[in-house]
Amino acid sequence: MEDIAEAPEFDEPEPRHLNEDDYGEHPLVDTGLIAEPPHPVNWNLLTADEAGAEWIELDQWVHWLRRTYGLPTSVIPPFWYRHPELLWELSALHLHWLCAYDPDQNGSAPLGWHRDFADTRQRLRDWVAASGTRLDRDRPTRQTTWPGEEPGPAIDDVVLTDRSADFEAFVATDVARRQAAEDEFYASLDDEHPTED
């Protein structure tokens, strides 16, 4: 009888959604969040708790994506999260992937995702080239000053040596900014409608 070779194992497992075991690793994630079906993420409207979870989920998926497809820095740079144009593009691609690989989806959906992924890779290259972010350094994306606007500040490259630490600090700052805005909003409601003792 002939031996049948086993299927090869892939180096990188598919990204998974956060579960309770992950909360200790990621203190920015609110453990009260309930898993939901895939839905568009409007980064402008996320609460502090939602943002913490979305940042971690997207970062895990981007790591999986770049390793699985061998994507160079010209497509997904290490500091993608510092550039809104890359954040929105990768977030949309992630949602598309979640929907395409949903168990209830049509069998041809993954092929559609790969077709759209090819288009997205070109857009990502364009965004990365425009932003100027590189493997070991980053700078804010240059903005064109329109007539009548004040010119923006000078933009310099910053060398970044620890991507994980930078990501954690970036997310912590974003979550704190969102929490401060929420606290200010709720405080303004208390000021308008004080409770009577």
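Q: Which residues of helix H2 are buried?
A: In this predicted model, a residue counts as buried when its relative accessible area is under 20%. Applied to H2, that criterion selects Glu 85, Leu 86, Leu 87, Glu 89, Leu 90, Ser 91, Leu 93, His 94, Trp 97, Leu 98 and Ala 100.

Q: What covers the buried residues of H2?
A: Contact here requires heavy atoms within 4.5 Å. On that basis, the cover over the buried residues of H2 includes H1 and H3.

Q: How many Å apart are the end C-alpha atoms of H2?
A: H2 has 17 residues, so at 1.5 Å a residue it should span 24 Å. The model agrees with this expectation, as the end C-alpha atoms of H2 are apart by 24 Å.

Q: Which helix gives the largest share of the largest nonpolar core?
A: The largest nonpolar core holds 34 residues, and those with the most contacts inside it are Trp 55, Trp 61, Leu 65, Ile 76, Trp 80 and Trp 113. Two or more residues come from each of helix H1 (48-68), helix H2 (84-100), helix H3 (109-131) and H4. The largest share, 9 residues, is given by H1.

Q: Is Arg 178 buried or exposed?
A: Arg 178 lies in helix H4, which covers residues 163-192. Its relative accessibility is 9%, and therefore Arg 178 counts as buried.

Q: Which residue offers the backbone oxygen that the side chain of Arg 178 reaches?
A: Leaving aside residues up to four places away in sequence, Arg 178 touches Trp 43, Asn 44, Leu 46, Thr 47, Ala 48 and Ala 51. The backbone oxygen that its side chain reaches, at 3.0 Å, belongs to Leu 46.

Methods. Residues are numbered from 1 along each chain as its sequence is written. This is a predicted model: local features need pLDDT of at least 70, side-chain atom pairs count only at pLDDT 80 or more; totals for chains, interfaces and linings use all residues. Side-chain values use heavy atoms; hydrogens and water are left out. Helices (H or I, at least four residues) and strands (E, at least two) are DSSP runs, numbered from the N terminus. Buried means under 20% relative accessible area, exposed over 50%, partly exposed in between (1.4 Å probe, protein chains only). A polar contact is a pair of N or O atoms within 3.5 Å; within protein, one must be able to donate a hydrogen and the other to accept it, and residues adjacent in sequence count only if both atoms are side-chain atoms. A nonpolar core is a set of buried Ala, Val, Leu, Ile, Met, Phe, Trp, Tyr and Cys residues joined through side-chain atoms within 4.5 Å. The expected span of a helix is 1.5 Å times one less than its number of residues.
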